[in-house]
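Q: I am learning how the words used for protein structures are justified, and I would like to go through some of them one at a time. Could you take me from each value to the term it supports?

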Amino acid sequence: MEVANGNATAAAPAVLAPTPAPAQNGERSDPGGYKLKFCTVCASNQNRSMEAHLQLSRAHYPVISFGTGSLVRLPGPTITQPNVYQFNKTSYDSMFKELQQKDEDLYTRNGLLNMLNRNRGVKWGPERWQDWQVGIPRLNHATDRGSDGTEGGVADIVFTCEERCWDAVIDDLHNRGAPLNRPVHVINIDIKDNHEEASIGGRGILDLADSLNNCAKEEREAVGSAVFDMATAASRASFDERVPEVIGDWQERWPNLPATWTLAWF
């Protein structure tokens, strides 16, 4: 694991509580209790971020997702003829129907229709990270998978799926100027942009989310829920210090998913 923002000192190693294994092709039982709020990010909010969004929501985590590109781009009949859509304005359902009408055989064979069918069962359409109004209630997203717990419009952990998305998120957070003064861990996990690797990456992200959440629950119990839930630098210092250790342990389990981490601010 690469640490990008200094020399955080990890606490002494602790044994994290076991987590239930995901059910095959379905929901995981909800253990209840405290849950971190997650956010997943890729370029177009279509493949990698949406697979991770789905897997986290099946585990009953609060989760939202975004893309960092200027436009949503999907493969077309040739490399010079992509299908291009606008963020926040075009639904996954309308994309599905349009591509199905254009060439159902082509877009079935390349997996786009299957991907869009999955996506339209998760939320309405792709959202752009740079347009996200952090801290503004997400009142129009009640039907999104994973929406319970995200109503306040903040996240504790942001997972990006490639380095350029990680760079875009960090740059945007710096430009915002940290108006909420709220710490957020931004973790990049390099995932190739194809359907098979997205599925593997989604499982890796879920495994890391479980480890981080177990760590957060331990520190929340230690400092008290009222203090931890203030979500300030002081109230979460013990958790923040343990995050690099948790990621390091996870990286040993997932050596083919290189990770980079930094602590940033909303």
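A: Let us begin with a term: buried area is the accessible area, found with a 1.4 Å probe, that two parts lose on being put together, summed over both. What follows concerns a predicted model.

Q: What are the two parts here, and how much area do domain 1 and domain 2 bury between them?
A: The domain assignment gives domain 1 as 38–69 + 134–265 and domain 2 as 71–127. Between them, domain 1 and domain 2 bury about 1400 Å², and 50% of this lies on carbon and sulfur atoms. On the side of domain 1, Q46, M50 and H195 supply 39% of the area buried against domain 2, more than any other three residues.

Q: What makes the pair E51 and R118 a salt bridge?
A: The term requires a side-chain nitrogen of Lys or Arg within 4 Å of a carboxyl oxygen of Asp or Glu. In the pair E51 and R118, the closest N and O atoms are 2.9 Å apart, and because the cut-off is 4 Å, a distance of 2.9 Å satisfies it. Between domain 1 and domain 2 the count is 2 salt bridges, and there are also 13 residue pairs in polar contact, both residues being at pLDDT 80 or more.

Q: Which element gives the largest share of the side of domain 1 that touches domain 2?
A: Helix 1 does, with 4 residues. That side of domain 1 divides into 4 nonpolar, 11 polar and 4 charged residues.

Q: Why is F239 called buried?
A: Buried means under 20% relative accessible area, and F239 has a relative accessibility of 1%, so the term applies. F239 is placed in helix 7, residues 237–253, and, leaving aside neighbours within four places in sequence, F239 is in contact with residues including L36, I157, H185 and F228. Another of these contacts is A216, and although F239 and A216 are 23 residues apart along the chain, their C-alpha atoms are separated by 6.0 Å.

Q: How do you know that N83 counts as buried, and what does its side chain reach?
A: N83, in strand 5, has a relative accessibility of 4%, which is under the 20% limit, and therefore N83 counts as buried. The side chain of N83 reaches the backbone oxygen of P75 at 2.9 Å, and it makes a polar contact with the side chain of K102 at 2.8 Å.

Conventions. Residues are numbered from 1 along each chain as its sequence is written. This is a predicted model: local features need pLDDT of at least 70, side-chain atom pairs count only at pLDDT 80 or more; totals for chains, interfaces and linings use all residues. Side-chain values use heavy atoms; hydrogens and water are left out. Domain bounds come from an automatic or database domain assignment. A polar contact is a pair of N or O atoms within 3.5 Å; within protein, one must be able to donate a hydrogen and the other to accept it, and residues adjacent in sequence count only if both atoms are side-chain atoms. Helices (H or I, at least four residues) and strands (E, at least two) are DSSP runs, numbered from the N terminus. Ala, Val, Leu, Ile, Met, Phe, Trp, Tyr, Cys and Pro count as nonpolar, Asp, Glu, Lys and Arg as charged, and the others, Gly among them, as polar. Buried means under 20% relative accessible area, exposed over 50%, partly exposed in between (1.4 Å probe, protein chains only). Contact means heavy atoms within 4.5 Å.
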